[in-house]
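User: Please take a close look at one ion pair in this model and at the parts around it. A single connected account, with the cut-offs stated, would suit me best.

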Amino acid sequence: MITDPIADFLTRVRNAVNAKHRIVEVPASNTKKAITKILFEKGYILNYKFVEEGPQGTIKIALKYHPVTKQSAIVTIDRVSRPGLRRYADAENLPRVMNGLGIAIISTSRGIMTDKEARQLHIGGEVLCYVS
């Protein structure tokens with residue numbers, strides 16, 4: 001049993017990037033699907049596919065690398081809020097990752113979104129992770 005499925009998701013992606021894998025498979029959930037969509041929209045992953053087989057389903061993520069230098073688009077991906085210590089931020093105190101070059105993924109009352117979108121809507125929430 002996994003006590004923190006989001007941390008497991010981020011660790012699988014981080015390990016795949018470090019091992020230079022092209023595709024990584026993770027068990028699916030609605031939160032993980034939303035995080036995957038944000039990573040795709042912001043250009044951190046090449047593509048993704050939701051496979052609905054079995055009781056839970058899986059997410060296949062195609063990782064993105066620079067064609068010449070083989071450098072990954074994801075440099076760091078870190079969990080912020082965890083089950084033992086939840087991290088919340090209101091609209092005025094939302095974190096900036098690398099002075100705006102990275103993104104923070106926030107779980108709000110209107111769904112999961114980036115820090116920039118939450119700042120525009122003037123809502124706060126739980127800070128899930130930082131990606132740069």
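Analyst: **A salt bridge and its surroundings**

Glu52 and Lys33 are joined by a salt bridge, with 3.1 Å between the closest N and O atoms; the term requires a side-chain nitrogen of Lys or Arg within 4 Å of a carboxyl oxygen of Asp or Glu. Because Glu52 belongs to the loop between E2 and E3 and Lys33 to helix H2, the pair ties together parts that are 19 residues apart in sequence. The model is predicted, so local features need pLDDT of at least 70 and side-chain atom pairs pLDDT 80 or more, while totals for chains, interfaces and linings use all residues. Residues are numbered from 1 along each chain as its sequence is written, and side-chain values use heavy atoms, leaving out hydrogens and water.

The two partners differ in exposure: Glu52 is exposed at 58% relative accessibility, whereas Lys33 is buried at 19%. Here buried means under 20% relative accessible area, exposed over 50%, and partly exposed in between, with a 1.4 Å probe and protein chains only.

The loop that carries Glu52 belongs to the hairpin of E2 and E3, which has 6 residues between the strands, and in it Gly54 takes a positive phi near 80°. Helices (H or I, at least four residues) and strands (E, at least two) are DSSP runs numbered from the N terminus. E2 and E3, the latter spanning residues 58–63, pair in the antiparallel sense over 6 bridges; pairing requires that DSSP find at least two bridges between two strands. Val51 has Thr58 as its bridge partner in E3, and Lys49 stands opposite Lys60 in that strand.

Helix H2 (residues 30–41), the element of Lys33, packs on the sheet and touches E1, E2 and E3; its direction makes about 155° with that of E2. Such angles run from 0 to 180 degrees between N-to-C directions of axes fitted to C-alpha atoms, for helices over the stretch in contact, and contact means heavy atoms within 4.5 Å. The sheet itself is open, with 3 antiparallel strands in the order E1-E3-E2. Its edge strands, E1 (23–27) and E2 (45–51), each pair on one side only, and the twist averages 20° from one strand to the next. Helix H1 (residues 5–18) lies across E1 and E3 and runs at about 165° to E1.

H2 also takes part in the interior. The largest nonpolar core has 25 residues, and Val13, Ile61, Leu63, Ile105 and Val131 have the most contacts inside it; such a core is a set of buried Ala, Val, Leu, Ile, Met, Phe, Trp, Tyr and Cys residues joined through side-chain atoms within 4.5 Å. Two or more residues each come from H1, E1, H2, E3, E6 (103–108) and E8 (125–131), and H1 gives the most, with 6 residues.

Other salt bridges may be set beside this one, for the structure holds 6. Asp8 and Arg12 form one, with closest N and O atoms 3.0 Å apart; both lie in H1, 4 residues apart, about one turn of the helix. Arg86 and Glu126 form another, also with a closest N and O separation of 3.0 Å. Arg86 is in the loop between E4 and E5 and Glu126 in E8, so this pair ties together parts 40 residues apart in sequence. Arg86 is partly exposed at 40% relative accessibility, and Glu126 is buried at 13%.
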